[in-house]
Amino acid sequence: MNEQNLRIPGPTPVPPEVMKAMQRPMYSHRSEAFRTLHRDLNSKLQTILRTSQDVYVMPGSGSIGWEAAIVNTLSPGDPVLSVVTGDFGVRFANVAERFGLDVSRLEIEPGQAATADQVRAALESNPAFKAVLFTHNETSTGITNPLEEVGPVVRDHGALLLVDAVSSAGAVPIETDAWGADVLLTGSQKGWMCPPGLAIVVAGERARAAGESATFPRAFLDFADWHMTASNGDTPSTAPLSLYAGLNAACDLILEEGLQARGYRHDEAAERTRTAFEQADLELFADPAYASSTLTSIRMPGGQGAKDLVKSVRERYHIEVAAGQADLSDKIIRVGHMGWFEQEDIARAVDAVVACATVLAE
Ligand SMILES: Cc1ncc(COP(=O)(O)O)c(C=O)c1O
């Protein structure tokens, strides 16, 4: 059992193998030793993300992936469709607006997924859309949007597909190339079982080609620089060596477990969590047909009090679960089952939530 029962949807617990890898003393980032590690890491990331495209491991949190996706492929004023199924979809759209893109939002009721038909209809309203901003796993509500069905629809339209897979990649199987993602971004502190600090970004060929005529200014996040230096095993600036080593060790653990087995472990945790909550008469928030395998959300009985419940679970059981975000901040509880966990860690967290919810309701 993990010593620490951190059951928020990221950051997630870090296994000892990853902690140990990060303890390696510093060495030159312009050495063959680094280039070998970097090439090795990239090849593992391509295997895990099922892509033959470039993968860049950029210092920063997941959010810089949004910015990288936008500035490398688009120009000011470009019309884009932002699919919003929760707070992270809102934030992705907000970043696009700050950059001066012409953002149309397809807003879906929180707790529901965006279907391929809804995306198709929204795309038909404007043939000029240059890109679709899409959140694969909406961490704020506990929904997984059907990327595998939406990808071909976006491809048919001709727009680029910019995918936020921050809280799904590394945990559940993702077919980056087969599903048609042109850029796919994720963050080290979620399914990857690493500390925060890295954005992992797949830059597909179509995205890099779009970059040749895209006019947003870009410097540190410029895919062209990352592509050029990667061909030599290098990075444009000093790589965060400890985090790279940690991610490399985490990729070994992911590949040892096997992508499918890892997906099943997450599916099983999600299923058990949903069943336990339902048996305790707690109402699931996310549509079960699209419920996430990396976190589960429930409505607060009585509609509010999520923050008190989180506090009570922390104080009585020393387990950390999460309340909601934005409008849902006091209305839902989210339990993470993402990355490194045993089923019993999750069961303890769920039991604690149920027990505290019962006490608070009395
Ligand atoms: C779906 C999603 N997108 C983006 C982010 C932002 O990532 P970060 O906080 O690492 O910048 C998060 C963080 O929780 C997320 O869950």
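In this predicted model, helix 5 (residues 116-124) packs against helix 6 (residues 147-157) at an angle of about 20°, and their axes are 9 Å apart. Angles under 35 degrees count as roughly parallel, and helix 5 and helix 6 are therefore roughly parallel to each other. Where helix 5 passes helix 6, the crossing is right-handed.

A second helix pair is formed by helix 2 (residues 32-49) and helix 9 (residues 241-257), which pack at an angle of about 40° with their axes 10 Å apart. That angle makes helix 2 oblique to helix 9. The crossing of helix 2 and helix 9 is left-handed.

Next, the ligand site. Which residues surround the ligand? The surrounding residues are Ser61, Gly62, Ser63, Trp66, Phe88, Asn137, Thr139, Asp164, Val166, Gln189 and Lys190. By class, this shell divides into 3 nonpolar, 6 polar and 2 charged residues.

Polar side-chain atoms of threonine 139, aspartate 164 and lysine 190 are paired with ligand atoms as listed here.

| Residue | Ligand atom | Distance to side-chain atom |
|---|---|---|
| Threonine 139 | oxygen | 2.5 Å, to an N or O atom |
| Aspartate 164 | nitrogen | 2.6 Å, to a polar atom |
| Lysine 190 | oxygen | 2.5 Å, to an N or O atom |

On its own, the ligand has 380 Å² of accessible area, and the protein covers 87% of that area. Threonine 139, aspartate 164 and lysine 190 are among the residues that surround the ligand.

Two points of backbone geometry remain, each in a loop. The peptide bond that joins glycine 10 and proline 11 is cis, with omega at about -5°. Proline 11 is found in the loop between strand 1 (5-6) and helix 1 (16-22).

The other point concerns methionine 193, which has a positive phi of about 65° although this residue is not a glycine. Where is methionine 193 found? Methionine 193 is in the loop between strand 9 (183-187) and strand 10 (198-203).

Methods: Residues numbered from 1 in each chain as written. Predicted model: local features only at pLDDT ≥ 70, side-chain atom pairs only at ≥ 80, totals over all residues. Heavy atoms only, no water. Near = heavy atom within 4 Å. Polar contact = N/O pair within 3.5 Å; in protein donor to acceptor, adjacent residues only side chain to side chain. Areas by Shrake-Rupley, 256 points an atom, 1.4 Å probe, with all protein chains shown as cover. Nonpolar A, V, L, I, M, F, W, Y, C, P; charged D, E, K, R; others polar. Axes fitted to C-alpha atoms, helices over the stretch in contact; angles between N-to-C directions. Helix = DSSP H or I, 4+ residues; strand = E, 2+ residues; numbered from the N terminus. Parallel < 35°, antiparallel > 145°, perpendicular 65-115°, else oblique. Left-handed = near helix turned anticlockwise from the far one by under 90°.
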